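Please read the report below alongside the sequence and the 3D structure. It takes selected residues first, then the chains, then the ligand.

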Amino acid sequence: MSGAGAALEARGVSIRYPGAPAPVLADLELAVAPGEIVAVLGQSGVGKSSLLRVLGGLQKPSSGRVLAGGADLAAPHPRVAVAFQDPALLPWLTLEGNVAFGLDFRRQPKRSAAERRALVDAAIAEVGLEAARRLHLAALSGGMAQRAALARCLAREPDVLLLDEPFGALDEVTRAAMQALLLKVVARRRAAALLITHDVDEALNVADRVVLLGGAPARVVGVWRVDLPHPRDGAIAETGALRIEILTALRSAVRRH
Amino acid sequence: MSQAAVPAGAEGAAAGGTAVRQLRARSYGAVYGAVGLAALVAIWWAAIEFGSAPGSFARLFAPAAAFSSLIELASGSDLWTHIALSLKRIAVGLGLAVLIGVPVGLAVGASKALDAATTPAFQLLRMISPLSWMPIAVMALGVGDAPIYFLLTFAAVWPILLNTAAGVRALDRRWLLLAESLAATRWEVLSRVIVPGVTGHVLTGVRLSIGILWIVLVPCEMLGVSAGLGYFILDTRDRLAYSELAAVVLVIGALGFLLDAAARAAHAAWSPKR
Ligand SMILES: Nc1ncnc2c1ncn2[C@@H]1O[C@H](COP(=O)(O)OP(=O)(O)OP(=O)(O)O)[C@@H](O)[C@H]1O
Ligand SMILES: [Mg+2]
């Protein structure tokens, strides 16, 4: 699963916070290929968000390497987009301003103002927030804020998407629409996506691979390949068996923790 | 940028109701405020009417005389010249205080060591009445506008500096992490996250500074200058024009009130977005 052609790769990554007696995560191997969606499951506190920050270049691993496109990742890469567990919208900007935020940064790919506007418009339309584009954070619901944060990632047309429970605050219907959007974007751009989720059904719905983290310190305790065409709504028979298998593994991982 | 964009449909009616309620609350406030001001004038009038003998010197400060002098002064050009000069001094003092206070506040807020090193010194300097620097300022900078600008800036810089530093310390870590994830340069982090992130705090500081500036300005203008509202107070006294003196006191109060209202409006225009 690791090796040549990976868009993003963790090799022997350990994460230990200063003052903590033991590492949160140890010797983790994980790779995401272009066009692939990898779902990461694991109980609360296992180190999923920490892993995401390390993969995003926002935090140095205490040992091991992170490679983006084959090269060591020293700092956040302009082609890697991160959606944090919390939407982290800037309260002084409108929704539109938040989606556009960062597009004109110097290290981002050069784009004209018209190109940037087109990208922002398209991303806002894709998450279905046209009516709210001039609202500020205070006037947005939790789910709207989460979709705005997703649009901010999509607008940059990244090669790698790192998403930390991006659909947690959404209702069933909107969540399905956003999952479909993620699939579409990944297929269209051959992007690599790492999706952190606590929802096994969501993982089975979108992922090509499901990775389970568990233990203390956490490691990869299970990997499942989901070779089913999209949409998978009808494939209950095929996903059902996997679902039970993953849930069982999740439970025993929690017990071991 | 306004918050007024109300979603169409049923919510529009509800929001309309809220607007009416807000307007009503505001006009209640205005009515009560006007009653309070009228009571103030009534007390002023009563204090002179019943507190001083007929024909006495204090009668020259009565409201009726003050208001009629005010109308007279307002129709001439002198008062306006003095007002313009005083406002210019406020603007220069505030401008310099922002130019110094914001960058220093950003640095102090960002560095624990700098904060620890400067806090006692700043607290000490802050507690020295700016007016006590007056003789030193005049000796060092000569008479004229320079010592006034120095004193005003010195008086106004502390609330801005300390509020800016507090704003930096209160910045949301997630905003900084977000900027970092977008591969922002240091300059972009500063200009796109830190500066807008502390603007609310800076405006709070500016509002406090304006209050201090206006109070410090009048005594400052009583030394070594020949124009401005402080000078004008002394001038009316020397001309024994006591009703004019009372009128200038009124003008000082009214302008201070307007300056504070403007600062509050600037703060309010920024903060509902947060
Ligand atoms: N900045 C930090 N400093 C010290 N310890 C931290 C820090 N961030 C996380 N931790 C610790 O690392 C562990 C993993 O945290 P993390 O946020 O990565 O978990 P998670 O898997 O994302 O959990 P959840 O599903 O609840 O979001 C926790 O025990 C947490 O206390
Ligand atoms: Mg997390």
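B:P147 sits in helix α6 of chain B, which covers residues 145-169. This is a predicted model, and the values given here are computed from it. The relative accessibility of B:P147 is 4%, so the residue counts as buried, the cut-off for that class being under 20%. Between B:P147 and B:M134 there is a sequence separation of 13 residues, while their C-alpha atoms are 7.4 Å apart in space.

Another residue of chain B, B:S69, belongs to helix α2, residues 63-75. With a relative accessibility of 8%, B:S69 also falls under the 20% limit and therefore counts as buried. The side chain of B:S69 makes a polar contact of 2.7 Å with the side chain of B:S243.

Chain B as a whole contains 10 helices and zero strands. Read from the N terminus, its elements follow the order α-α-α-α-α-α-α-α-α-α. Its radius of gyration is 24 Å, whereas the globule rule gives 19 Å for 274 residues; the computed value is well over that figure, so chain B is more spread out than a compact globule. Along the principal axes, the C-alpha atoms of chain B occupy a box of roughly 75 × 60 × 30 Å. Of the 274 residues in chain B, 38% are buried.

Records add some annotation to this chain. An unreviewed UniProt entry lists residues 83-263 of chain B as "domain: ABC transmembrane type-1". UniProt, again in an unreviewed entry, also places the feature "transmembrane region" at several spans of chain B, including residues 30-48, 90-110, 189-206 and 245-266. The table gives the computed secondary structure and end-to-end C-alpha distance for some annotated spans.

| Span of chain B | Helix | Strand | Distance between end C-alpha atoms |
|---|---|---|---|
| Residues 30-48 | 100% | 0% | 27 Å |
| Residues 189-206 | 100% | 0% | 23 Å |
| Residues 83-263 | 84% | 0% | 18 Å |

How many helices and strands does chain A have? Chain A has seven helices and 10 strands. The radius of gyration of chain A is 18 Å, close to the 18 Å that the globule rule gives for 257 residues, so chain A is as compact as a globular protein of that length. The C-alpha trace of chain A spans about 50 × 45 × 35 Å along its principal axes. Buried residues account for 54% of the 257 residues of chain A.

The last topic is ligand 1. It is surrounded by 13 residues, and the closest are A:S44, A:G45, A:K48, A:S49 and A:S50. Sorted by class, this shell consists of three nonpolar, seven polar and three charged residues. Which atoms of A:Y17 and ligand 1 lie 3.3 Å apart? They are a polar side-chain atom of A:Y17 and a nitrogen atom of ligand 1. The backbone contributes as well: a backbone N or O atom of A:G45 is 2.8 Å from an oxygen atom of ligand 1, and a polar backbone atom of A:V46 is 3.3 Å from an oxygen atom of ligand 1. On its own, ligand 1 has 630 Å² of accessible area, of which the protein covers 58%.

Key
Residues numbered from 1 in each chain as written. Chains lettered and ligands numbered in written order. Predicted model: local features only at pLDDT ≥ 70, side-chain atom pairs only at ≥ 80, totals over all residues. Heavy atoms only, no water. Near = heavy atom within 4 Å. Polar contact = N/O pair within 3.5 Å; in protein donor to acceptor, adjacent residues only side chain to side chain. Areas by Shrake-Rupley, 256 points an atom, 1.4 Å probe, with all protein chains shown as cover. Nonpolar A, V, L, I, M, F, W, Y, C, P; charged D, E, K, R; others polar. UniProt positions renumbered as here; feature names shortened; annotations may be inferred. Helix = DSSP H or I, 4+ residues; strand = E, 2+ residues; numbered from the N terminus. Rg over C-alpha atoms; globule rule 2.2 N^0.38 Å. Buried < 20%, exposed > 50% of the residue type's maximum accessible area, 1.4 Å probe, protein only.
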